[in-house]
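Visitor: Got a minute to walk me through this model? I'd like the strands to start with, then whatever packs on them.
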Amino acid sequence: MKYSIVILAFITISTVSGIPQTPLADADPVLQGTATYKMPQSAIDAEIDGKVVMAIHVDKTGKPTKASVAAGPMWPCSTTPRKELDELFSDLSEKMLELKFSAALKEGKLVDKDIGLGFYLKNPKLDPKPVEIDLIKGKPIAEMINAGIINGKAVSLPKPNYPAEAKAHRDGGKVSIQVILDEQGKVLRAGAIDGPPRLQYASREAACGARFAPTTLEGKSVKVSGILHYMFIPG
């Protein structure tokens, strides 16, 4: 499956001698052209998908020189596909280095810049089934709702462990985990969408252990997409 990235045009500005020029505004790198990506089959088979944020270092020529996964994606709580994730992360990092960006500007000069590039991976194994229609109302029957932040709705919300490496580096702050709940309120899938990288796995593991009451819509139990926030304070 491929993703597409919306491209913004990069406009070259020229100057005319003898006319005062307005200083160029500071600008971040902008992706040039179009880009597509096909997930490795191992990641597809492991049912990995969802939002991914890449941290990319772009040099003053617009060339990416370093890339790594900063957040995401999602995968089932019942599995730990470390090998598949490692392969996906390595593949994504390599593909990011093939992209081309406009150069960053600061105070009229070309500079190196660290940026974040977010996109969604769609796993073909997880394509939704055909939508059912309520023949009386003539509308699709909702099977999942987006509930936003759901910390306060949890029946049980385990606290994440504070990883030793993160503690040694005094990592702290908020980690946001996207979760998918089944019709009984059990967490099916989870993935970090932002937060310090060394705190994400522990937060995701805690999120997978959370429990919620079933959610109903018009008398029918439905799945729920929501966000859990976890706060870490360095000791």
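Guide: Sure. Strand β11 and strand β15 (residues 220–232) run antiparallel, joined by 9 bridges. Strands here are DSSP E runs of at least two residues, helices are H or I runs of at least four, both numbered from the N terminus, and two strands pair if DSSP finds at least two bridges between them.

Visitor: Before we go on, what are the ground rules for the model?
Guide: It's a predicted model, where local features need pLDDT of at least 70, side-chain atom pairs count only at pLDDT 80 or more, and totals for chains, interfaces and linings use all residues. Residues are numbered from 1 along each chain as its sequence is written, and side-chain values use heavy atoms, with hydrogens and water left out.

Visitor: OK, which residue in β15 is the bridge partner of Val-175?
Guide: That's Tyr-230.

Visitor: And what joins β11 to β12?
Guide: 6 bridges, with β12 covering residues 187–194 and running antiparallel to β11. Ile-177 sits opposite Ala-192 there. The two strands form a hairpin with 5 residues between them, and Gly-185 in the turn has a positive phi of about 95°.

Visitor: How many residues of β11 are buried?
Guide: 7 of the 9 in β11 (residues 173–181). Buried means under 20% relative accessible area, with a 1.4 Å probe and protein chains only.

Visitor: Switching topic: what's the strand order in the open sheet?
Guide: β2-β1-β6, three strands with antiparallel pairing. The edge strands are β2 (64–71) and β6 (113–121), each pairing on one side only. β1 (residues 50–58) and β6 share 9 bridges, and Ile-56 stands opposite Ile-115 in β6.

Visitor: Which helix packs on that sheet?
Guide: α2 (residues 82–96), which touches β1, β2 and β6; its direction makes about 145° with that of β2. Contact means heavy atoms within 4.5 Å, while axes are lines fitted to C-alpha atoms, for helices over the stretch in contact, with angles from 0 to 180 degrees between N-to-C directions.

Visitor: Which residues of α2 are buried?
Guide: Leu-85, Leu-88, Phe-89, Asp-91, Leu-92, Ser-93 and Met-96.

Visitor: Where does the largest share of the largest nonpolar core come from?
Guide: From α2, with 5 residues. That core has 26 residues, and Leu-88, Leu-92 and Met-96 are among those that touch the most other members. A nonpolar core is a set of buried Ala, Val, Leu, Ile, Met, Phe, Trp, Tyr and Cys residues joined through side-chain atoms within 4.5 Å.

Note on methods. Buried means under 20% relative accessible area, exposed over 50%, partly exposed in between (1.4 Å probe, protein chains only).
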